[in-house]
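Visitor: Please pick one part of this model and look at it closely, then follow its contacts outward. Plain wording will do.

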Number of protein chains: 2
Amino acid sequence: MQVAYVLYDEFTMLDIVGPFQMLSAAIGLESVWVGEEPGPVSDHTRTGALVASASFGEVTAPDIVVVPGGMNTSVHFDGRIREWLIAVHPTTTWTTSVCTGSLLLGDAGLLSGLTASCHWAASPQLEQFGATPTHERVVMHPEQRIVTAAGVSAGIDMGLTLLVELQGREAAETVQLALEYDPMPPTNAGSPSKAPAETVALVQALLG
Amino acid sequence: MQVAYVLYDEFTMLDIVGPFQMLSAAIGLESVWVGEEPGPVSDHTRTGALVASASFGEVTAPDIVVVPGGMNTSVHFDGRIREWLIAVHPTTTWTTSVCTGSLLLGDAGLLSGLTASCHWAASPQLEQFGATPTHERVVMHPEQRIVTAAGVSAGIDMGLTLLVELQGREAAETVQLALEYDPMPPTNAGSPSKAPAETVALVQALLG
């Protein structure tokens, strides 16, 4: 199976590297990093870059697509990513997104009538695409072959969830152990319901 | 403060992107990606590459150093990374590693007499450097300014732990919420004590 990891200017690195590390550790999943053209693509901090190994035109039948979020996702609406998603989605096994990547799935018309996840602060923006925002970590729609995950780090949980679906629980457990994914955050503020109200207001103002 | 993210052939992507995403989201931490020379550096799957923005020679006084693990860490022993770590460590605020990156700190003589973490399957290899392996998620030695983390995904927890140290709990909580780091793995096999015995034996055989 071919997994296509989508890169675009100002994507968020962990959004795509989380699912990549989980899925690429499994047997039989081949990785391709796809962008406008092959070469380095800057992340949203503009200090880091991941390298696209293929252009959108070269990846015509991926089995799984992973679209990361970014800081300026809307500048990519109605462009090459939309065109490519519309072209490849009919034959994917799963078309997936992390964080504000779900806005790009929405822009391609793939979330119409579906519940979907997103970064919590950007979640209401899903409504413009006819989607119903939820705050679940990972939302799967098997019939439409669509998976959306919550903000940034949720892509790791999405990758592992996809492995359970694709290869079963034992394969996912093997990868989880190999990547020592036994999270122990030193603070407990990972969602709006857990963080102090002033922290929620601050992050909403910065990212909403 | 300048944070130097070390890249070398066959590094593991999540090892370095985890701490990067946490630390770069904080105010006042500047990122530099450092390698043998500027340009793309292949990850251990050889499908992905992150771009070094500077050579080791150009980064002479980083405040924080993060060394990721990789699949063939030992081929980098006694080379340019060791030389650079020995040169920059005396003036860092924290010199840190994720996964088998601790073997590179050990190779540079920075772990002698200390407890240290590593990927659980490679942990015994720390003994050759006079270190005592532990299975803690994040091990901090404030006096020596050394932090080591467990395998791969532990770098995320290390990044957040460093933020608590550097900027306090509120700053760390803000970043945790911004990155929606509210982990919900669908399986529960992230450490040898939690995974089935046959899974532990399999991963040990593959990675040990």
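Guide: Helices and strands here are DSSP runs numbered from the N terminus, a helix being H or I over at least four residues and a strand E over at least two. The part to look at is helix α5 of chain B, residues 169-178. After α5(B) comes E180(B), whose phi is positive, near 45°.

Some conventions come before the details. The model is predicted, so local features need pLDDT of at least 70 and side-chain atom pairs count only at pLDDT 80 or more, while totals for chains, interfaces and linings use all residues. Residues are numbered from 1 along each chain as its sequence is written, and chains are lettered from A and ligands numbered from 1 in the order in which they are written.

A residue is called buried if 20 or more other C-beta atoms lie within 10 Å of its own, exposed if 12 or fewer do, and partly exposed in between, with C-beta atoms placed from the backbone. By that rule seven of the ten residues of α5(B) are buried, so the helix is largely enclosed by the rest of the structure. The buried residues are A172(B), E173(B), T174(B), V175(B), Q176(B), L177(B) and A178(B).

Two residues are in contact if their C-beta atoms, placed from the backbone, lie within 7 Å. The cover over the buried part of α5(B) includes α1 (13-24) and α4 (154-167) of chain B, and also α6 (197-207) of chain A.

The α5 helix of chain A can be followed in the same way. Helix α5(A) holds L177(A), which is buried, with 27 other C-beta atoms within 10 Å. Apart from neighbours within four places in sequence, L177(A) contacts A189(B), G190(B), A195(B), T199(B), V200(B) and V203(B).

Chain B also reaches back towards α5(A). T187(B) sits in the loop between α5 and α6 of chain B and is buried, with 22 other C-beta atoms within 10 Å. Leaving out neighbours within four places in sequence, T187(B) meets L160(A), V164(A), R169(A), A172(A), E173(A) and Q176(A). From M140(B), T187(B) is 47 residues away in sequence and 28 Å away in space, C-alpha to C-alpha.

Several of these names return in the packing of α4(A) on α5(A). Axes are lines fitted to C-alpha atoms, for helices over the stretch in contact, and angles run from 0 to 180 degrees between N-to-C directions. The axes of α4(A) and α5(A) are 7 Å apart, at an angle of about 145°. The crossing is right-handed; a crossing is right-handed if the near helix is turned clockwise from the far one by less than a right angle, and left-handed if anticlockwise. From α4(A), L160(A), L163(A), V164(A) and Q167(A) take part, and they meet R169(A), A171(A), A172(A), V175(A) and Q176(A) of α5(A). Six residues of this contact are nonpolar, two are polar and one is charged. For such counts Ala, Val, Leu, Ile, Met, Phe, Trp, Tyr, Cys and Pro are nonpolar, Asp, Glu, Lys and Arg are charged, and the others, Gly among them, are polar.

The loop before α4(A), which starts from β11 (146-149), contains V152(A). V152(A) is not a glycine, yet its phi is positive, about 40°. V152(A) is buried, with 25 other C-beta atoms within 10 Å.

Next comes the interface between the chains. Chain B and chain A each give 57 residues to the contact. On the chain B side, α1, β2 (30-35), β4 (49-52), α4, α5 and α6 each supply at least two residues. That side comprises 32 nonpolar, 18 polar and seven charged residues.

Copies are superposed by least squares on the C-alpha atoms of residues with pLDDT of at least 70 in both. Chain B falls on chain A after a rotation of 180° with 0.0 Å of shift along the axis, at an RMSD of 0.0 Å. The two copies are therefore related as by a two-fold rotation axis. In chain B, L50(B) has the C-alpha nearest that axis, 2.3 Å from it. Both copies use the same surface, as 100% of the contact residues of chain B recur in chain A.
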